[in-house]
Amino acid sequence: MSFLDFIKPTRAEKIVRVKILSATMARPAGKLDTQHTAAGSVLDMTEADARDLVAGGTAERIGRVGNDGQLVPAADAPAKPAAPERAKPAPLPESFKGLPVSFAKAWEFIAKRRAIVADLEAARDRAMPADFKALSGFKDGLKFYARAVIGETAILERIALGDAVKAAEDTLKAHDAREGYPLACHLLEASKETLSKIEAANAAIHELAEIAFDIFGIRIAALELAEPHRRKLFQGSGLFMRFASHSLIGLHGAVFLGGENPTRALDLPVEVMAATYHNAAARLAEVEPLLVQARAELATAQGVTITTKAKRAA
């Protein structure tokens, strides 16, 4: 480094003209010290100093000052962006068709709320000014931003867009206050319908297995085995494979409701309950014809046993 490096002119700072809104200490461009400036004064200062005053609400920006001391004409302002299109509630899924009406009612409320939440999230994204740079990725469901240099335009933009965020938040709160209870009622009803279908399927599965075991017991009655031994042999029989190999449907998400006579409900998303309802209905449809067959076989086995005993007695 030579002596000449110390006398090189420094890069000129951007100069802006501001109007002082309230009496304050301000530093005019080219000065080292601040000076008392009365409200209504027009002052040229560096961009950095002006930014602080504007952010604090003690000044408003008039425009940038050129090297000739004149205001630089502002570029044409960009066209005001059109109001964002509101999110639309998702249509009823095909899998919900044919289910009890409570499922469609619950979906209607949920889809409407999800659209309102989508509008709120979009408003929050738009509220991040241009001088904020979005980082990639999320953490704990929240989006993080790295703060860069904030100019006065970005601050004003954020204030304006913050109003949109507040309006979206108020819309969501009003929606929940108005429709939260009806939604809970429809979800509870869908839960009861799902539980009822699960219980019907499980009852049919249990009955089918017990009938199959009774048939097996009749057929090996001559061995005079104790029930634990009959159960053990039954699990390897053809009757077991035909009638008793259906697994019960688990009550995942089941909770007990309060009250003097507590009942159960399912604390699950409506989509999960719809899938569970379909699974239980399909299992019941599979087991019911087998119940008819098993009952017929049991009646036949019991008839043979009774006839044999009657002949022996004669």
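## A guided tour of a predicted model

Visitor: Is Thr24 buried or exposed?

Guide: The relative accessibility of Thr24 is 17%. This is a predicted model, and the value is computed from it. Buried means under 20% relative accessible area, so Thr24 counts as buried.

Visitor: Which residues is Thr24 in contact with, leaving aside its neighbours within four places in sequence?

Guide: Start by finding Thr24 in strand E2, residues 24-26. Once neighbours within four places in sequence are left aside, the contacts of Thr24 are Gln35, His36, Thr37 and Leu53.

Visitor: Why are the buried residues of helix H1 said to be on the same side?

Guide: In helix H1 (residues 47-56), the buried residues are Glu47, Asp49, Ala50, Leu53 and Val54. On the other side of H1, Asp52 and Gly56 are exposed. An α-helix has 3.6 residues a turn, so residues three or four places apart point the same way. The buried residues are on the same side of H1 because they cover an arc around the axis of only 160 degrees.

Visitor: How many residues apart in sequence are the parts that Arg27 and Asp49 tie together?

Guide: Arg27 and Asp49 form a salt bridge, with their closest N and O atoms 3.1 Å apart. Arg27 lies in the loop between E2 and strand E3 (35-37) and Asp49 in helix H1, so the parts tied together are apart in sequence by 22 residues.

Visitor: Is Asp49 buried or exposed?

Guide: Its partner Arg27 is partly exposed, with a relative accessible area of 31%. Asp49 has 18% relative accessibility. The cut-off for buried is under 20%, so Asp49 counts as buried.

Visitor: Which helix gives the largest share of the largest nonpolar core?

Guide: That core has 41 residues, and among the members touching the most others are Phe96, Phe103 and Leu208. The elements that give two or more residues to this core are helices H2 (101-127), H3 (152-219), H5 (238-243) and H6 (270-313). With 14 residues, the largest share comes from H3.

Visitor: Which residues does His246 touch, not counting those up to four places away in sequence?

Guide: Look in the loop between H5 and strand E8 (254-256) to find His246. With 17% relative accessibility, His246 counts as buried. Not counting residues up to four places away in sequence, His246 touches Ile205, Leu208, Glu286, Val287 and Leu290.

Visitor: Which helices do Arg114 and Glu271 lie in?

Guide: Their side chains meet in a salt bridge, 2.8 Å from N to O. The pair ties together parts 157 residues apart in sequence, because Arg114 and Glu271 lie in H2 and H6.

Visitor: Which residue in the loop between H3 and helix H4 has a positive phi?

Guide: That loop lies between H3 and helix H4 (227-234). The residue is exposed, with 72% relative accessibility. Its phi is near 55 degrees, although the residue is not glycine. The name to look for in this loop is Glu224.

Visitor: How much accessible area do Val42, Ile62 and Leu71 have together?

Guide: One of the three, Leu71, sits in the loop between strand E5 (59-65) and H2. Leu71 is partly exposed, at 38% relative accessible area. Val42, Ile62 and Leu71 form a nonpolar patch on the surface, and together their accessible area is about 240 Å².

Notes:
Residues numbered from 1 in each chain as written. Predicted model: local features only at pLDDT ≥ 70, side-chain atom pairs only at ≥ 80, totals over all residues. Heavy atoms only, no water. Core = buried A, V, L, I, M, F, W, Y, C linked by side-chain atoms within 4.5 Å. Buried < 20%, exposed > 50% of the residue type's maximum accessible area, 1.4 Å probe, protein only. Helix = DSSP H or I, 4+ residues; strand = E, 2+ residues; numbered from the N terminus. Patch = residues over 30% accessible without salt bridge, like charges linked within 9 Å, V, L, I, M, F, W, Y side chains within 5 Å. Areas by Shrake-Rupley, 256 points an atom, 1.4 Å probe, with all protein chains shown as cover. Salt bridge = Lys/Arg side-chain N within 4 Å of Asp/Glu carboxyl O. Contact = heavy atoms within 4.5 Å. Arc of directions from axis to C-beta.
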